[in-house]
Amino acid sequence: MKNITILLFSIILLFSACEKDDLSNTLEDVLTVKYKNAEMPAYIYGNGSKKTFIIILNGGPGGKGLEYRVGGVKDLEKKYAIVYMDQRGSGMSTGNYSGPEITPALMAEDVLALVKVLKYKYGNDLNLFLLGHSWGGLLGSKVLLTDQTPFKGWIEVDGGHNLKGLYDDLLVRFPEIADEQIVAGNSVDFWKSVNSTINRLKKDGYTDDNGTTLNELAYNSEEYLRNDSVLGDQAGMSINLMNYLYEESLIITSISAITINTTLSYIWTEIDYTKELSKITIPSMIMWGKYDLVIPYKQGEEAYDNIGSTKKTWVFFESSGHSAMMDEYKKFEQEMIKFIEANK
Amino acid sequence: MKTAIIISIILLSFNIQLHAQSDTIKQQKFQSEKLNFNASYYGETGWYPGLKIGAEYIIFEKKKQKIKHHKKKGEFTKTKTNQFIITGNLGFYWQPHNYTSVFTNFAILYRHTTNKGFQYNFGISPLGLNSFFFNETYTVSDNGEVKKPFLSARFFYSPSIIVGIGHTMKHKLTAWFLNIHLTSLLPYNNAVNFSAVLELGFRFNIIKVKK
């Protein structure tokens with residue numbers, strides 16, 4: 001009998017020891033938010049002890065939350081809890097709804113549903129920050145226009161609050177960088193071909209195909225800029241390829257990406273929140289890469305000028321393309337810490 | 001949801017039918033040869049682990065025999081077998097971060113067996129049900145109320161196609177096999193999605209026949 005008691009006590013002790021402390025400094029939680037016919041996973045990693053959580057809104061549409069668990073974002077896990085969310089229709093999200101139901105407004109509601117779940121699980125006294133990259137910049141803007149009260153701060157990184165005006169902005173920015181690189185003697189043939197392509201696209205005007213061509217050209221250009229050491233060195237950046245391959249199903253996430261990207265293709269010609277940005281009054285930090293050819297920094301300046309907050313910061317990355325959190329990950333981390341510590 | 005339950009009942013009842021045995025020894029032997037079971041590793045994307053068990057019944061079989069002459073071996077017979085098989089399966093796989101998938105399906109297979117025992121499988125599964133049971137889930141209602149349900153699941157109609165290879169074995173384990181399943185998940189968000197599965201397992205015969 002005595003042995004049985006000791007055994008039972010040991011088992012209870014063992015399970016108690018395994019029980020996760022909800023706000024430890026090493027959070028590794030995965031939870032699913034079920035809202036309006038969708039199940040959306042949120043992966044929460046990092047230091048929860050200070051109750052400061054940063055919700056990451058990925059690019060795309062169709063990117064994955066965990067794609068951002070690299071570079072400067074992952075390094076922030078040492079100090080804060082990072083919430084990598086798979087948006088409706090993206091990553092490992094599941095659901096059953098029609099295409100027209102998916103709008104930035106509904107996806108903004110999804111993010112606010114996540115906020116409610118985080119407060120339910122970890123407490124109402126959380127310091128919440130919202131970070132949107134690329135398409136996530138547009139979605140984050142919509143979240144804040146819907147309800148900004150839960151957040152202590154907004155960080156837009158190479159975001160797209162005005163995708164409607166993007167095509168014309170790119171037709172101006174591409175030749176500027178191409179001419180700069182030709183003068184510097186970097187990959188001259190490539191940049192001359194870029195100028196030719198832009199001249200052709202200027203004549204053709206916007207079509208879906210031309211938009212895709214520009215987007216592909218932007219990522220291609222970043223490769224040339226990186227090879228010519230114009231962009232920052234990503235060596236030493238924290239990355240775990242095995243985790244990336246294992247954490248989410250490659251097949252499911254890839255097919256979802258294609259589907260949601262097609263479903264939301266209208267955003268490239270219809271969405272412009274510029275006039276509404278004045279309603280955003282929480283502390284904001286706008287971060288942009290000088291060589292961003294996916295969404296040029298003119299859009300960042302536009303966001304900075306129009307946001308209604310009295311506490312706003314402009315951070316320019318001289319050696320970054322579309323992803324400053326990777327190209328200049330150390331500077332990104334420092335600026336993030338500075339902003340969060342000042343506003344939490 | 002109702003459709004999902006109906007499909008489940010049909011599939012399960014079909015599996016039960018496969019287990020039915022006749023009374024006579026002759027029939028038992030006949031059934032013993034035609035009824036096999038299988039158990040396998042069932043890995044979604046290859047590495048998300050799972051297990052599958054199933055039963056299969058040969059509904060049509062044709063053997064082609066040719067007598068061959070060899071200088072050293074002499075006269076021998078070459079046999080090629082073509083079979084059509086119906087199969088019912090039940091299993092699960094585990095996507096560690098997100099959900100546990102439980103599935104059942106009914107498939108029709110064509111199997112070709114060479115004289116040396118190599119097998120090629122091709123099949124379609126028109127009836128399949130896949131259910132994702134999510135890990136820690138929180139439901140948020142339209143009015144913003146948060147609840148943590150005990151269980152949260154989503155069901156998919158999941159027809160699939162199957163291709164594979166195998167080889168016969170000369171004991172209770174009648175064959176090993178390696179199959180690839182391409183399974184669709186319907187409806188998935190606002191469209192469809194797919195999962196690819198690598199299956200590695202054995203077929204076996206557990207019915208003892210009195211002589």
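**Two domains in chain A, a paired strand in chain B**

The domain assignment, which is automatic or from a database, splits chain A into domain 1 (21-165 + 234-343) and domain 2 (166-227). This is a predicted model, where local features need pLDDT of at least 70, side-chain atom pairs count only at pLDDT 80 or more, and totals for chains, interfaces and linings use all residues. Residues are numbered from 1 along each chain as its sequence is written, while chains are lettered from A and ligands numbered from 1 in the order in which they are written.

**Chain A: the domains**
- The C-alpha centres of domain 1 and domain 2 of chain A sit 27 Å apart.
- Where they touch (contact puts C-beta atoms, placed from the backbone, within 7 Å), domain 1 of chain A brings 16 residues and domain 2 of chain A brings 15 residues.

**Chain A: confidence**
- Mean pLDDT (the predictor's confidence in each residue, from 0 to 100) is 89 for chain A, with 90% of its residues at 70 or more.
- Residues 11-21 of chain A fall below 50, and beyond near neighbours in sequence this stretch has zero contacts in the model.
- Where pLDDT is low, don't read the predicted coordinates in detail.

**Chain B: strand β1 and its partners**
- Strands are DSSP runs of E, at least two residues, numbered from the N terminus, and two of them pair if DSSP finds at least two bridges between them.
- β1(B) (residues 35-44) pairs with β2(B) (residues 50-70) in the antiparallel sense over seven bridges, and B:Asn38 stands opposite B:Gly54.
- Five residues separate β1(B) and β2(B) in their hairpin, and B:Thr45 in the turn has a positive phi of about 55°.
- β1(B) also pairs with β11(B) (residues 191-204), antiparallel over eight bridges; here B:Ser40 has B:Gly201 as its bridge partner.

Conventions: Buried ≥ 20, exposed ≤ 12 C-beta atoms within 10 Å, placed from the backbone. Helix = DSSP H or I, 4+ residues; strand = E, 2+ residues; numbered from the N terminus. Contact = placed C-beta atoms within 7 Å.
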